[in-house]
Amino acid sequence: MEKLIDQIKQGKVWSIPGGIHPPGQKLQSTTQAIARLPLPDKLVVSLKQHIGANGKLIVEKGQQVLKGQALTKPSGNWSVPVHAPTSGLISDICPMPSAHPSALPELSVIIEPDGEDNWCELNPVTDAKALSHDELVDIIHQSGIAGMGGAGFPTYVKADTRKAIEFLIVNAVECEPYITADDMLMREHADGIIAGIELMQQLLSPQLTIIGIEDNKPDAIAAMKQAAQHNDSIIVQTVPTVYPSGGEKQLIKLLTGKEVPSGSIPADIGMLVQNVGTLFAVNQAVHEGKPLIERVVTVTGNTIHKQGNVWALLGTEIKHLLDCQGFSPVPQQRVVMGGPMMGFTLPTVRIGVVKTTNCILAPDHQELAEPGDEKACIRCSACADACPASLLPQQLQWFAKSKEYDKLNEHNLFDCIECGACAYVCPSEIPLVQYYRVAKAEIKEQQAEQIKAERAKERFEARKERLEREQEERQNRHKRKPAAKSDGEKQKVADALARVKSKSDDKDSKSAVAAAIARAKAKKQGAELEPDNSEVAKERAARKEQARKYKEQKALEQGEEGVDKDDKKSAVAAAIARAKAKKAAQATEENASAETDAAPKDDKKAAVAAAIARAKAKKAAQAAENQTEAEEDSAPVDDKKAAVAAAIARAKAKKAAKEQAQSDDSSEQINDSNDEADAKPQSDAPESSEDKKKAAVAAAIARAKAKKAAKEQAQSDEPSEQLDDSSDTDDSKPQVDEPESSEDKKKAAVARAIARAKAKKLQQEGNDKS
């Protein structure tokens, strides 16, 4: 490094590849000092005057503003504010044509000057060395300073770099023809430029600062050397006049011999480049407190009578500059913003001056001829020889026409500085630079779309992963182990277990509690102990077996008792059935005798009544038999259930018997045992006709009550008990005989014999089925 610094101090200059030597055309604009123009009728201040995001608008239509007042504030990456160039009224805020070859509209603030040119409050710094790094960077940022050499890169970003800077390069070459703005600025304001260089040295702390100036500017070289003679760390270096030696990478190569790698920036190799106009603006922002609101613009060309440099307020329309300098347009007049090599033709002169505007060129047809028609490439390689970036312009043009963007990137299209040297030397008049500009714009747009798609893909994948993770968490939620209990909860559990253990008298309960306590202790100690429940299971099984045997024994005992009781009840039920059959026969006979008193005796009616009685008795017996069979078929095999069912049946029979006894005294007599029924003597009824009638009525009432009791008995759940009566008791109970005639007695005896035979038959069939 010391050797390189020594070589630079000795005046060594390295060479660059390519380059051309077009006519300078600088003398006509350097004969007069920088002039100040009168205030225009309106100022069109564009919000987009630099590389990066626009600032946020902080003024509104109809507002009165002062000179130097901020119109926007920084918001976003590489954003710098713009300020009011003079005092006046904001007449409108709307899109206006931009300083671009396309003149696409951009949001602009239109100010009508009030002519007073009143400044806002300024805050100059008297002792800049007392400022901290961040304070100095903030002043540069808030002053809205951007690169004034043509790129428009925010100056505060370069000033706040965290990389070590070895060389600070000051670009004062101004190699493009016609442009003399930096030349005149160095002649008249060299001290201000040196003051700005010292501020940058305070921020960057470089080992050496090199000011590169072309040898065709002797007055500027002298002025800068005189202003920098008190600072040993600043060297004014003269470089040969060749275009485009003012390019950033080309100037670094000329002054230091180092090359910036493809795709890198000068800061990557310890270099930082600033334009002399930018450094002068930094000096004004810090020492005078003035924001960037004006710059030097070269107004030249054969159609301009007063060619020279002027201080132009930002937002001043190009038409105002031309009119003030004596513009005499020719037919099909062209007005170029910038120089003839890198500038562009304006579609209208109603465009405002921006921070990167350094020249307005209005040539006639002889001075700057119109380009001819494009012809086929003759492969002369003149473009490759003139390229200062050592590219292959011919190949790049082919790839640009065929839109092969991958190959353009492989051939380092973005290393092209668009100097126009290739198009200048092309004999086929191919506008090579225009092809490159279009291809760069399309590639940037394609890259932006690709970045947008990748971000959308990343968001989609992140969302998909999140949904899958949430679904997995929901599925595995039940598998998670319970959270560890705190010491207090563990103590509560232990106390509860101790209380349960102390209160339990049962051996089984004690063993279960002991097992639970053992498991809790094992879990507390961190060991995974499986509980041993084999003893508890054995004891539980033994208890179940003992209970089962006890239930079986009890069911057997209840069954034996039930058999004895069922025999008695079966006998009672059989007696009831026989009594019903006899009463039915008596009723038939009494009806027949009653009809005999009123009318002649009818043998047929008596036979029909007897048949009806027999049918009713047979039907009742069949219904009882069917119900018994259904219960026997549906009876469970299990002895326990049978015993329970028998107990329930006996309880229902007792309840029905009690209700029957309460409803009718005669039914109680019928429900007595068979011995009492046979032993009871028959009552002697009087033999008079009136007594016979009363006896018949009483018998009818008794039969109705007996029929009602039989129906209630049949509806109960013990039909089987009524069908189990023995056949020995059929004739045991005497019937109540009413005094009758001999013929009636015969008929009654026949009816009774038939009824007994049918009852025996039914009983026999029931026993066979059982």
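Hi everyone, let me start with one residue pair: Val65 stands opposite Gly88 in β6. A quick reminder that what we have on screen is a predicted model. That pair belongs to the contact between β4 and strand β6, residues 88–97, which pair in the antiparallel sense over two bridges.

Let's follow the sheet from there. β6 is joined to β7 by nine bridges, and these two strands run antiparallel. If you want a place to click, Pro95 stands opposite Leu107 in β7. On we go to β2, which pairs with strand β7, residues 105–113, in the antiparallel sense over four bridges. There, Ser46 stands opposite Ser108 in β7.

So what is the strand order of this open sheet? Across its four strands, the order reads β2-β7-β6-β4, with antiparallel pairing. The edge strands are β2, at 43–46, and β4, at 64–65, each pairing on one side only. While you rotate the sheet, keep in mind that side chains in a regular strand alternate between the two faces.

Just past β7 there is a residue I'd like you to find. Gly115 sits in the loop between β7 and α2, the helix at 133–142. Is Gly115 buried or exposed? Its relative accessible area is 54%, over the 50% cut-off, so Gly115 counts as exposed. Gly115 and Leu39 are 76 residues apart along the chain, and their C-alpha atoms are separated by 7.2 Å.

For contrast, please go to Ile179, in the loop between β8 (167–171) and α4 (181–188). Ile179 counts as buried because its relative accessibility is 5%, and the cut-off for buried is under 20%. Its partner across the sequence is Cys359: the two are 180 residues apart in sequence and 6.1 Å apart in space, C-alpha to C-alpha.

Next, a parallel pair. Strand β9, residues 208–214, and β10 pair in the parallel sense over six bridges. Ile213 stands opposite Thr238 in β10. How does the chain get from β9 to β10? It passes through helix α6, residues 218–227, and this β-α-β crossover is right-handed. Strand β10, residues 234–239, is mostly covered, with five of its six residues buried.

Now for the empty space. Rolling a probe the size of a water molecule over the atoms shows where such space is left. In this model there are seven cavities of 30 Å³ or more. The largest cavity has a volume of about 120 Å³. Which residues come closest to its centre? Of the 14 that line the largest cavity, those are Cys377, Cys380, Cys383, Cys426 and Ile430. Helices α10 (382–386) and α11 (393–401) each supply at least two residues of the lining. By character, the lining residues divide into nine nonpolar, four polar and one charged.

With those cysteines in view, how many disulfides are there? The count comes to zero disulfides. Take Cys416 as an example. The closest cysteine sulfur to that of Cys416 is in Cys422, 6.3 Å away, so the two are too far apart for a bond; the cut-off is 2.5 Å. Cys416 also counts as buried, because its relative accessibility is 15%.

That's my tour, from the sheet to the cysteines. Thanks for listening, and do shout if you'd like to go back to any of these spots!

Technical notes:
Residues are numbered from 1 along each chain as its sequence is written. This is a predicted model: local features need pLDDT of at least 70, side-chain atom pairs count only at pLDDT 80 or more; totals for chains, interfaces and linings use all residues. Side-chain values use heavy atoms; hydrogens and water are left out. On a 1 Å grid over the protein atoms alone, a cavity is a set of points where a 1.4 Å probe fits but cannot get out, and a pocket is an open set with protein on both sides within 12 Å along at least five of seven lines; lining residues have an atom within 4 Å of a point. Grid points are joined across faces, edges and corners, and a volume is the space filled by probe spheres set on the points. Ala, Val, Leu, Ile, Met, Phe, Trp, Tyr, Cys and Pro count as nonpolar, Asp, Glu, Lys and Arg as charged, and the others, Gly among them, as polar. Buried means under 20% relative accessible area, exposed over 50%, partly exposed in between (1.4 Å probe, protein chains only). Two strands pair if DSSP finds at least two bridges between them. A crossover is right-handed if, with the strands pointing away from the viewer, the path from the first strand over the helix to the second runs clockwise.
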